[in-house]
Amino acid sequence: MSADPWAYRPAADLVGRELDLIAVQGRLQDPAVRLITLTGAGGVGKSRLAAEAALGVGELFPGGIHTLDLPACVDLESVLKSIDKTVRDMTDRTLLLLDGVEHVADALAVALAGHLTATPLLTVLATGQEILRIYGENVVPVTALPPPGPLLEPDVAEVQDNPAVRLFTRCAREAAPGFALTAENVEAVVDICNLIEGVPLVLELAARRLRLYPPQELCAWLRRGGDSHLPGPVDVPPRQRSVLAIAEWSCRGLSAGQRSLLARLALFQGGVTVATAEKVSPLTAAETAVALETLLDRGLLTLAENPHTDSRLMMPRTVRAYGLALLEEAGGQRALAARQAHARFYQRLLPALEGRFQGSEQQRWLRVAVAEHDNILAALHHLENRDRDRDRDGDGDGDGADEGDGEGSRARGRGGPVRPGRPAALLDRAALVTACLQPWLVRGELREGLRWFDSTGQALQAGDHAEDEEGLRTRARLYSGAGVLATALGENDGAAHRHRRAVALYKRLRDPGAGALATARMGHVLFRCGDRSAGRSLLSAARATLDAQGDTAGSAEAAAALAEVLLASGESEQARVLLERAGRIQRHSGAIRDLARTVRVGAQLSLHEGDEDAARSALRESIGLYESIGERTELPAALDTFALAVLEPTGQLQRAVRLLAASQALRTRTGVGVPGECKDRLRAAVDELRRRLGGTVFATAWVEGLRLRPEAMAAEALAAAEPGRSDERGDSTALTPRQLQVALLVAEGLTNRQIADRLDIAEWTVVNHVRSVMRKLGCGSRIHIAWAIGRRQ
């Protein structure tokens, strides 16, 4: 059998493509499958996968494996001549490999379809960022390697089997022979793999830079965009020799309008909805639809589905870097206009959504806003830089693009003429910042949010119009929002100071309703500072004012906070009346976050009265409500209470430990403070659990909890067995002999590859066995398997 050499085939084994390789080879083994196209973004390893798959089934093609690197060909005519010659000379079943069909797909498809129809002995394996669209074509998407994802305290044993980490580590050893994945560098390696999004070629190129940078410095360099011109080896095709070359090749053949849209969309971090893409597009609606379809077909965009909000168009990091470069090449004014259009979109969006964060649609719109977090920050940074530039150039001497377009936020419900210069720009920024309060609380972006509230308030206070009505009202909202964020962080003295400033400004504005809500929040903070008398007095007065003003939402918030004060003073009956009233209002209005907090306080009241069933039911409801909106700031307090009040008394000690650890991890990520009176109680509970479980079992459960992702924490709590019900698994979950064999080797600490070698089976088979073991034993990690197997023995 003769076979043409593949254009580029490194000696090292494929990493993380075991299942993909089986899928491709399975299709090649089927005589009925005549055309297979591996499709995906540039740099994901389509060519390499195709080469390995073809070589693995070479005996099935006695007519030979003939390869053609299309980008290396002079023109389409030479490509067609080469294919014609291969087909003409065929005498037996033959495999034709066509690498890089994306830029000639339309012209190539007609000729190739004819050959496939006329020559039954021909099988074609193609790679490209576009499919050929020939009848009978089998499309195999090839994606980047899955990165490890964000981890609070990554561990070498936990991440060393991750495909992206494995590839980076192998390439790092080739570039720097002394490199090893260690406890000191594992966090940086995880960050690098996440930042690069698991794109194999970029992982290889980045690893080569370890000759210049240690992992921590390499990560910082990549964050600054240093990977745009990462140089690659000379023995690969030119289109794969740098990150920029990958992107340039991928975007070849796009029209000017499509490139312009690509550049606009590159400004969006964390993706963009289709509706938003249509709004910011410089093209007509019809042209935008065609352009988006083209970008999707070529892998320059992907569509990520979200169960809670609209699907989002995601742009690979390599393409995004190229899009931003296109933006800068277009010229300073065009780039500035594009950034201003991006910022203006969010200046309109968030204030428009702000009113919906409290109503019956809170769940949907909070998730929408949370999904836009990265884009909102980008918009705020643009507005901040614009203000700084105007300060440097002098008020009113900026670019003026936002002031003269007739769409500035000053015209939205504020009345009066648009004021040029810095004060008006600051009001734009302030409106966006204040609208972000609820999303930042839900997401747990407390420190970042507090910085924006404080810095914007300080800048506005120094402005020329800080003392007019609009300036005073905006400053009051900023101080009040900053107070709420500081409270969540546990900085009660700072929170009280900010709320006092808000109350003072609302008094000057003669706005008793807004002033009463700020007063209620200040009273709650004073209670947390230990001044129960002052807190109770302020909350009672504020609640009465809010009732008189008809502010039912504010009155419910004040009532729930007052109930917490009364409960601490032993006045449980009055607290119950207030909580029931607050809960009715919040259920009617659909204020999920406020209701979850009220229900949680109600659980504390039930515990105080000895009604454990009511407390357990309330805590489950509260945790479910928090999770329904993806809440991260107040969830830790609910998890702590649930672990100590529900799980520990019922003997579910390991789950209690996992939840306490998860709560601590979430607090670390968000900066949420622990109330002073709770710290000692939590510390004592953890010490008692350690004593009862023993050091080894406790440590195992604690590590499992630390590794729980936020979205899994509520599920871990709600999966707890009810008192009186066994949490043990029945006979239906018995392991097969092979599964038990695999589980025992996992318990010994062996990796999937080591288990495969030990048992002489494929690594993908081990992966499937491990998944089955986890499902049957109810385990969430390999460490959990080790404990479960030890317990069964």
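## Exercises around a five-stranded sheet

Among the elements that cover the buried residues of helix 2 are helix 1 (18-28), strand 1, strand 2, strand 3 and strand 4. Buried here means under 20% relative accessible area, with exposed over 50% and partly exposed in between (1.4 Å probe, protein chains only). Helices (H or I, at least four residues) and strands (E, at least two) are DSSP runs, numbered from the N terminus.

Before you start: this is a predicted model, in which local features need pLDDT of at least 70 and side-chain atom pairs count only at pLDDT 80 or more, while totals for chains, interfaces and linings use all residues. Residues are numbered from 1 along each chain as its sequence is written, and side-chain values use heavy atoms, leaving out hydrogens and water.

### Exercise 1: Helix 2

Find how many residues of helix 2 are buried, and name them.

*Solution.* Begin with the range: helix 2 covers residues 46-56. Next, count: 8 of its 11 residues are buried, so helix 2 is largely enclosed by the rest of the structure. Finally, name them: Lys-46, Ser-47, Arg-48, Leu-49, Ala-50, Ala-51, Ala-53 and Ala-54.

### Exercise 2: The sheet

Work out the strand order of the open sheet and find which strands stand at its edges.

*Solution.* Start with the order: the 5 strands run 2-3-4-1-5, with parallel pairing. Strand 2 (65-69) and strand 5 (138-141) each have a single partner strand, so one side of each is left without a neighbour in the sheet. From one strand to the next, the twist averages 15°.

Now go through the pairs; two strands pair if DSSP finds at least two bridges between them.

- Strand 2 and strand 3 run parallel and are joined by 5 bridges; Leu-68 stands opposite Leu-98 in strand 3.
- Strand 3 and strand 4 also run parallel, with 6 bridges, and Leu-98 has Ala-126 of strand 4 as its bridge partner.
- Strand 1 (residues 35-39) pairs with strand 4 (residues 122-128) in the parallel sense over 5 bridges, with Leu-35 opposite Val-124.

### Exercise 3: Strand 3

Is strand 3 buried or exposed, and which way do its residues point?

*Solution.* Count first: 6 of the 6 residues of strand 3 are buried, so the strand is largely enclosed by the rest of the structure. Then sort the side chains: Thr-94, Leu-96 and Leu-98 point one way, and Leu-95, Leu-97 and Asp-99 the other way.

### Exercise 4: Helix 4

Locate the strands that helix 4 lies across, and give its angle to strand 4.

*Solution.* Helix 4 (residues 105-118) lies across strand 1, strand 3 and strand 4. The angle to strand 4 is about 155°. Axes are lines fitted to C-alpha atoms, for helices over the stretch in contact, and angles run from 0 to 180 degrees between N-to-C directions.

### Exercise 5: Glu-716

Place Glu-716 in its helix, then list its contacts beyond neighbours within four places in sequence.

*Solution.* Glu-716 belongs to helix 33 (residues 710-718). Its relative accessible area is 14%, so Glu-716 is buried. With contact taken as heavy atoms within 4.5 Å, and leaving aside neighbours within four places in sequence, Glu-716 touches Arg-655, Arg-658, Leu-659 and Leu-708.

### Exercise 6: The whole protein

How many helices and strands does the protein have, and what percentage of its residues is buried?

*Solution.* The protein has 37 helices and 8 strands. Of its 793 residues, 53% are buried.
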